[in-house]
Amino acid sequence: MLVKTFCAAVNGLEVTTVTIEVSMSRGVLYHLTGLADTAVRESHDRIVAALQNVGYRFPVADITINMAPADLRKEGSGYDLPLAIGILAANGKIESESLDQYMIMGELGLDGRLQPIRGALPIAIRARKEKFKGLIVPKQNIREAAVVNNLDVYGMENITDVIRFFNGVETFQPTIINTRQEFYEQQSKFELDFADVRGQENVKRAMEVAAAGGHNLIMIGPPGSGKSMMAKRLPSILPPLSLAESLETTQIHSVAGKLGKEMSLISQRPFRAPHHTISQVGLCGGSLNAQPGEISLAHNGVLFLDELTEFNKSTLEVLRQPLEDRKITIARAKYTVEFPSSFMFVASMNPCPCGYYGDPTHHCVCTPGQIHRYMSKISGPLLDRIDIQIEITPVPFKDISKTKEGESSASIRERVIKARHIQEERFKDFKEIHCNAQMTERMIHQYAEPDDKSVELLRTAMERLSLSARAYNRILKVARTIADLDNSENVLSRHIAEAIGYRNLDRGDWAERGL
């Protein structure tokens, strides 16, 4: 008897429907074909134990199973359930008439319970696209899979429930989630708020400009000046995620297995802050199963690298291409996977090894050679991709002791959203451009061309402050964002002047120290 069940293979964010063909005849051999990895081949032992522990015997027969397409590599333990259901149906224990209407995924425990899988959301999207009536997944994955409408999604606890479902012994109701209501309710709930930050008004302003234009930002200052504290509050002033952005971000986290049991759609922009010991693979993705790295998990959100100079230099250098292309391509001998990686890059660092260079309250004990080696850990090409460079000084006691709260994130966010709306209207005819930070050279001349007075100001600044040539376009991009916050159609000299102030690392005194 030949029986077919349907499941899916996830390769990056691409999902391919897999047909499991089970043929049973007299004999005692078990054959599994279709380019299955070790985890899939081991499913035989899990299926045998699971069926025995729920009251079924594994059939004594010559069983041949093919996983089509046979040239596509199948990885992971999520194929246990469709394999087991196909074997039982071929043995006559399950009614097979409705098997072709459902896509089935799930890992089997030895007691028959279903364990969660990765990529339930993109699998559900594929099932709807292939016009399956429903999708059966472990109960732990039900909320992320039920995000997809026009598809009956069933969350099962064990294989016995699946057998009863197909045999019609018990009626199960598909899970329905009011995705949009939950999504919009969670968009403005933040644990951290800029109202808690005392002083540092210039840094708050720099972060507002960065959020409004999607600019990358680096903060340089001594320990305890508030760099990490303010970076963690940056998502609270970013524009809210759209449903399309949320769906794309949720798929990435689903493939990586980072979604919680009670989570459906990600409603707030991601904030990823990996430790400085992270490897190149951990940052950019890859490994044997081509999992997304931190830069992809930060897609549509913020990637924060604290203590930037403590990261391995070769690890930092792999950021250069994703920052430019806003995607990462992982190439292996037998496959290529592409993940999106459009994120705001935010970094912080100390000005020297001891941390107190330029601090009025502490004495720096570092030699010029030590400072030079410390600062040279950040390459010029990487720094070239950071639009805003802001120097932070410790908050004086009179500001720390203030009882009055600072400006709230909500009020800052309103200005950021208005500026982003201006940019969306400006770039509506450009498919891949959504904010000022993404402008090309031609677009800079079109939308951020300075007037004669501003050009003279730029020339003076570059000569007196020893600004590098690479700073020119970055200054114009940031000035365009400042003009948008100012609701100004043209870039004026005051906008240029403020943008010049955000190029601290291009000044001559910093350049002499190794940057």
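1. The note opens with the N-terminal hairpin of this predicted model: strand β1 (residues 2–11) and strand β2 (residues 14–25) run antiparallel and are joined by 10 bridges. Strands here are DSSP runs of E with at least two residues, helices are runs of H or I with at least four residues, and both are numbered from the N terminus; two strands pair if DSSP finds at least two bridges between them. Within this pairing, L2 stands opposite S23 of β2, and F6 stands opposite T19 of β2. The hairpin has 2 residues between its strands, and G12 takes a positive phi near 70 degrees there.

2. Before going further, a word on how the model was read. Because the model is predicted, local features need pLDDT of at least 70 and side-chain atom pairs count only at pLDDT 80 or more, whereas totals for chains, interfaces and linings use all residues. Residues are numbered from 1 along each chain as its sequence is written, and side-chain values use heavy atoms, with hydrogens and water left out.

3. Strand β2 also pairs with β4 (62–68), in the antiparallel sense and over 7 bridges. S23, which stands opposite L2 of β1, has T64 as its bridge partner in β4. In the loop between β4 and α3 (80–90) lies P69, and the peptide bond that leads from A68 to P69 is cis, with omega near 5 degrees. For comparison, most peptide bonds are trans.

4. Helix α4 (residues 120–129) has as its buried residues A120, L121, P122, I123, A124 and A127, where buried means under 20% relative accessible area, exposed means over 50%, and partly exposed lies in between, with a 1.4 Å probe and protein chains only. These buried residues pack against β1, β2, β5 (102–104), β8 (134–138), α5 (142–145) and α10 (243–256), so the hairpin strands of the first point are among the partners of the helix, with contact meaning heavy atoms within 4.5 Å.

5. Two residues other than glycine deserve a check of their backbone. K131, in the loop between α4 and β8, has a positive phi of about 65 degrees although it is not a glycine, and K131 counts as exposed, at 74% relative accessibility. N487, in the loop between α21 and α22 (493–500), has a positive phi near 55 degrees, and N487 likewise counts as exposed, at 63% relative accessibility.

6. Which residue shares a polar contact of 3.0 Å with the side chain of Q291? The partner is the side chain of R118, a polar contact being a pair of N or O atoms within 3.5 Å of which, within protein, one must be able to donate a hydrogen and the other to accept it, while residues adjacent in sequence count only if both atoms are side-chain atoms. Q291 lies in strand β13 (residues 291–292), and, leaving aside residues up to four places away in sequence, Q291 touches R118, V255, A256, G285, G286, I330 and F339.

7. A further sheet is open and is formed by 5 strands in the order β11-β14-β17-β10-β18, with parallel pairing. Its edge strands are β11 (271–272) and β18 (388–391), each of which pairs on one side only. β11 is joined to strand β14 (residues 302–305) by 2 bridges, and F271 has V302 as its bridge partner in β14.

8. The largest pocket has a volume of about 1,300 Å³ and is lined by 49 residues, of which R326, S342, H434, C435 and Q438 lie nearest its centre. On a 1 Å grid over the protein atoms alone, a pocket is an open set of points with protein on both sides within 12 Å along at least five of seven lines, a cavity is a set where a 1.4 Å probe fits but cannot get out, and lining residues have an atom within 4 Å of a point. At least two lining residues come from each of α10, α14 (320–325), α18 (409–426), α19 (441–447) and α21 (471–485).

9. The structure holds 1 cavity of 30 Å³ or more, and about 40 Å³ of space lies in the largest cavity, where a volume is the space filled by probe spheres set on grid points joined across faces, edges and corners. The largest cavity is lined by Q187, F190, P235, L238, P239, P240, L241, S267, Q268, R269 and R413.
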